[in-house]
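Biologist: I would like to learn how to read a structure of this kind, one feature after another. Could we take it from the screen?

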Amino acid sequence: MTDPRTQVVQASRALAVAGLGDMVWGHVSVRDPEGRGVWMKASGWGFEEIDYEKVVLVSPAGIVLDGAGRRHLEYPIHTAIMAARPDIGSVVHTHAPALSAFASLNCDIRPISHDGVLFTGSRLSRFTETGALIDTRDLGDALATSLGENAAVLIPNHGAVTAGTDAATAVMYSVLLERACRTQLMSLSAGGPKTWSSESETEFKRGQVWSPTQIRAGYDFLVRSAEQGIGAARSGEPAGGSR
């Protein structure tokens, strides 16, 4: 099994090449296999800059147990979700512009694209306690409660958080959520969607289109792209990010 530091490096670079970076803000975590906390990218570095030396182990109390870097202020996002969800192995926090724009509309994701079927209806939570930084244990716990058993939660006026069993899943959920929001915004700007998948087709597509094998294939592509130096934001749009 790949060590957690290397997992954070790969996940960070995958997020960068997908266009979800924003200068030095944004973070991804992996659960420490020894139960000491979470391994995270260090504060002060962009996703694309992360290497083995720029990853830190952060305890639930916010103490850096290993690594020379500083921790992010919003470490409680990661530690609280990990505490509440034993099934979760990785957490990603971003606030790309499409996420913030869509969250401000207070409407549901429609399954108008493959990406959207993962986040329709009650599958996408909303955290409305604050739009500021999630920098206390209480706020982290409240966010974890809002996420519930879902894979993603929007934070209006802020961004989004995704969670998965491993880094590949958490990263891909983040990428796909941003794409789903962006696609629906495009549709809304043209007068709004007139058609989308039925409930039965939506359920079918979740398993057909986004099986674990397909999720892994998408993630591996992002990792390969990062290793080959392929540029971020393939659509040509400016990248967003997180704190």
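Modeller: Start with the contact between two helices in this predicted model. From helix H1, the residues Gln-7, Gln-10, Ala-11, Arg-13, Ala-14 and Val-17 meet Tyr-219, Leu-222, Val-223, Ser-225 and Ala-226 of helix H7.

Biologist: How many nonpolar, polar and charged residues does the contact of H1 with H7 have?

Modeller: Seven residues are nonpolar, three are polar and one is charged.

Biologist: At what angle do H1 and H7 pack?

Modeller: An angle is read between the two helix axes, and 65 to 115 degrees counts as roughly perpendicular. H1 (residues 4–17) and H7 (residues 212–227) pack at about 85 degrees, and their axes are 8 Å apart. H1 is therefore roughly perpendicular to H7.

Biologist: How far does H1 reach from its first C-alpha to its last?

Modeller: The 14 residues of H1 reach 20 Å, close to the 20 Å expected at 1.5 Å a residue.

Biologist: What is found at the two ends of H1?

Modeller: At the N-terminal end, Asp-3 caps H1, with a side-chain oxygen 3.1 Å from the backbone nitrogen of Arg-5. Just after H1, Gly-19 takes a positive phi of about 90 degrees.

Biologist: How many residues of H1 are buried?

Modeller: A residue counts as buried when its relative accessible area is under 20%. Eleven of the 14 residues of H1 are buried, so H1 is largely enclosed by the rest of the structure. Among them are Pro-4, Arg-5, Val-8, Val-9, Leu-15 and Ala-16. Gln-7, Ala-11, Ala-14 and Val-17 are also buried, and these four belong to the contact with H7.

Biologist: Take a single residue, Ala-144. Is Ala-144 buried or exposed?

Modeller: The cut-off for buried is under 20%. Ala-144 has a relative accessible area of 7%, so it is buried. Its place is in helix H4, residues 137–147.

Biologist: Which residues does Ala-144 touch, not counting those up to four places away in sequence?

Modeller: Ala-144 touches Ala-80, Ile-81 and Ala-84.

Biologist: How far apart are Ala-144 and His-114 in sequence and in space?

Modeller: Sequence separation and spatial distance are read separately. Ala-144 and His-114 are 30 residues apart in sequence and 26 Å apart from C-alpha to C-alpha. For another pair, Lys-194 and Ile-112, the separation is 82 residues in sequence and 9.2 Å between C-alpha atoms.

Biologist: Where is Lys-194 placed, and is Lys-194 buried or exposed?

Modeller: Lys-194 sits in the loop between helix H5 (167–189) and helix H6 (199–208). Exposed means over 50%. Lys-194 has 69% relative accessibility and therefore counts as exposed.

Biologist: Which backbone oxygens lie by the side chain of Lys-194?

Modeller: The side chain of Lys-194 reaches the backbone oxygen of Gly-191 at 3.3 Å. A polar atom of that side chain also lies 3.1 Å from the backbone oxygen of Gly-192.

Biologist: Back to phi. Which residues other than glycine have a positive value?

Modeller: Asn-106 is one of them, with a phi of about 55 degrees. Asn-157 is another, with phi near 70 degrees.

Biologist: Where are Asn-106 and Asn-157 found?

Modeller: Asn-106 is in the loop between helix H3 (97–103) and strand E6 (124–126). Asn-157 lies in the loop between strand E7 (152–155) and strand E8 (159–164). Asn-106 is exposed, at 62% relative accessible area, and Asn-157 is exposed at 67%.

Methods:
Residues numbered from 1 in each chain as written. Predicted model: local features only at pLDDT ≥ 70, side-chain atom pairs only at ≥ 80, totals over all residues. Heavy atoms only, no water. Buried < 20%, exposed > 50% of the residue type's maximum accessible area, 1.4 Å probe, protein only. Contact = heavy atoms within 4.5 Å. Polar contact = N/O pair within 3.5 Å; in protein donor to acceptor, adjacent residues only side chain to side chain. Axes fitted to C-alpha atoms, helices over the stretch in contact; angles between N-to-C directions. Parallel < 35°, antiparallel > 145°, perpendicular 65-115°, else oblique. Nonpolar A, V, L, I, M, F, W, Y, C, P; charged D, E, K, R; others polar. Expected span 1.5 Å × (residues − 1).
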